[in-house]
Amino acid sequence: MEREEEEEDIVCLDASFFMNNDYQLTTFAFGSHEIELLCLQSASTDFDLTGQLVWPGALLMNNYLSKHAHLLQGCSIIELGSGVGITGILCSKFCHNVVLTDHNEEVLKILKQNIQLHASPESFGNSAGLVAEKLEWGNSDQITQVIDKYSGGFDLILGADICFQQSSVPLLFETAERLLQVRGRGKCKFILAYVSRAKIMDALILDEASRHGMQMTEVAGTRSVVGNLQGVIYEITLK
């Protein structure tokens with residue numbers, strides 16, 4: 001009888017319980033560039049809602065890109081795990097074709113709202129060059145759809161603080177490998193802003209890059225402390 005009562009006390013919570021839509025319009029500065037966007041100050045890791053806020057590695061990436069804007073000039077870019085879009089939106093100030101991707105429907109909603117915030121009057125509600133696409137890492141059909149839609153490939157693949165779960169890292173590198181292969185060796189690179197949170201993850205990203213035939217190089221001078229953690233920028237290319 002006591003066991004039955006305990007079982008009756010179990011409550012199953014669906015994703016809506018963890019969702020927080022109390023977004024705040026927040027301003028971020030990177031060099032002489034300011035970006036205003038909607039984001040949360042905290043988010044649940046349940047149901048993968050981490051994309052609703054700006055993570056330290058995104059600040060590391062944006063500070064790096066703002067100081068090396070020449071890397072973006074005239075480039076076509078795809079960002080993996082865009083979240084609220086802070087990195088892709090910064091990139092759009094320097095180049096004309098930026099595809100921001102995420103797999104979570106709730107995150108995609110706020111990403112599209114932030115794209116609209118940066119739409120110019122001349123673009124009739126569309127931010128010229130900024131596009132949001134659904135892309136789940138390792139999902140062959142979705143990867144193929146993106147590759148087919150943007151058949152010319154990309155100059156740069158970006159990822160800012162996107163290595164949280166060990167299970168997702170092989171899928172991330174699988175996805176990056178397919179995107180790199182569109183242009184081929186030496187014609188596209190993957191820039192990853194990585195924040196170290198566990199030694200096992202540090203080793204895993206190096207192992208996965210090697211397993212997928214990639215060369216992973218630390219960008220000199222980028223290692224720094226972000227949010228009390230060690231951060232670094234990597235450039236990743238096909239061997």
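Below is a short back-and-forth on a predicted model and the terms used to describe it.

Me: What should I know about the model before we start?
Reply: It's a predicted model, so local features need pLDDT of at least 70 and side-chain atom pairs count only at pLDDT 80 or more, while totals for chains, interfaces and linings use all residues. Residues are numbered from 1 along each chain as its sequence is written, and side-chain values use heavy atoms, with hydrogens and water left out.

Me: How many helices and strands are there, and what makes a stretch count as one?
Reply: The protein has eight helices and ten strands. These are DSSP runs, H or I over at least four residues for a helix and E over at least two for a strand, numbered from the N terminus.

Me: Why is Asp-161 called buried?
Reply: Its relative accessible area is 3%. Buried means under 20%, exposed over 50%, and partly exposed in between, with a 1.4 Å probe and protein chains only, so Asp-161 at 3% is buried. Asp-161 sits in the loop between strand S6 (156-160) and helix H7 (169-183), and its phi is near 55°, a positive value in a residue other than glycine.

Me: And why is Asn-228 called exposed?
Reply: With a relative accessible area of 77%, Asn-228 is over the 50% cut-off, so it's exposed. Asn-228 is also a loop residue, between strand S9 (224-226) and strand S10 (229-238), and its phi, near 70°, is positive too, again in a residue other than glycine.

Me: What makes the link from Asp-161 to Gly-57 a polar contact?
Reply: The side chain of Asp-161 reaches the backbone nitrogen of Gly-57 at 2.8 Å. A polar contact is a pair of N or O atoms within 3.5 Å; within protein, one must be able to donate a hydrogen and the other to accept it, and residues adjacent in sequence count only if both atoms are side-chain atoms. So 2.8 Å falls within the limit.

Me: Which residues is Asp-161 in contact with, leaving aside neighbours within four places in sequence?
Reply: Contact means heavy atoms within 4.5 Å. Among the partners of Asp-161 are Trp-55, Pro-56, Ala-193 and Arg-197.

Me: How do you know that the buried residues of H6 are on the same side?
Reply: In H6 (residues 140-149), Gln-142, Ile-143, Val-146 and Ile-147 are buried. They cover an arc of only 135° around the axis, so they lie on the same side of H6; the arc is that of the directions from the helix axis to the C-beta atoms. The face turned away carries exposed Asp-141, Gln-145, Asp-148 and Lys-149. The buried residues pack against strand S3 (76-80), strand S5 (130-134) and H7.

Me: What span is expected for helix H5?
Reply: The rule is 1.5 Å times one less than the number of residues. H5 (residues 105-117) has 13 residues, with 18 Å expected, and reaches 19 Å from its first C-alpha to its last, which is close. At its start, a side-chain oxygen of Asn-104 comes to within 2.9 Å of the backbone nitrogen of Glu-106.

Me: What makes a set of residues a nonpolar core?
Reply: The members are buried Ala, Val, Leu, Ile, Met, Phe, Trp, Tyr and Cys residues joined through side-chain atoms within 4.5 Å. The largest has 44 residues, with Leu-37, Ile-77 and Leu-158 among those with the most contacts inside it. Helix H3 (residues 56-67) gives the most to this core, with five residues.
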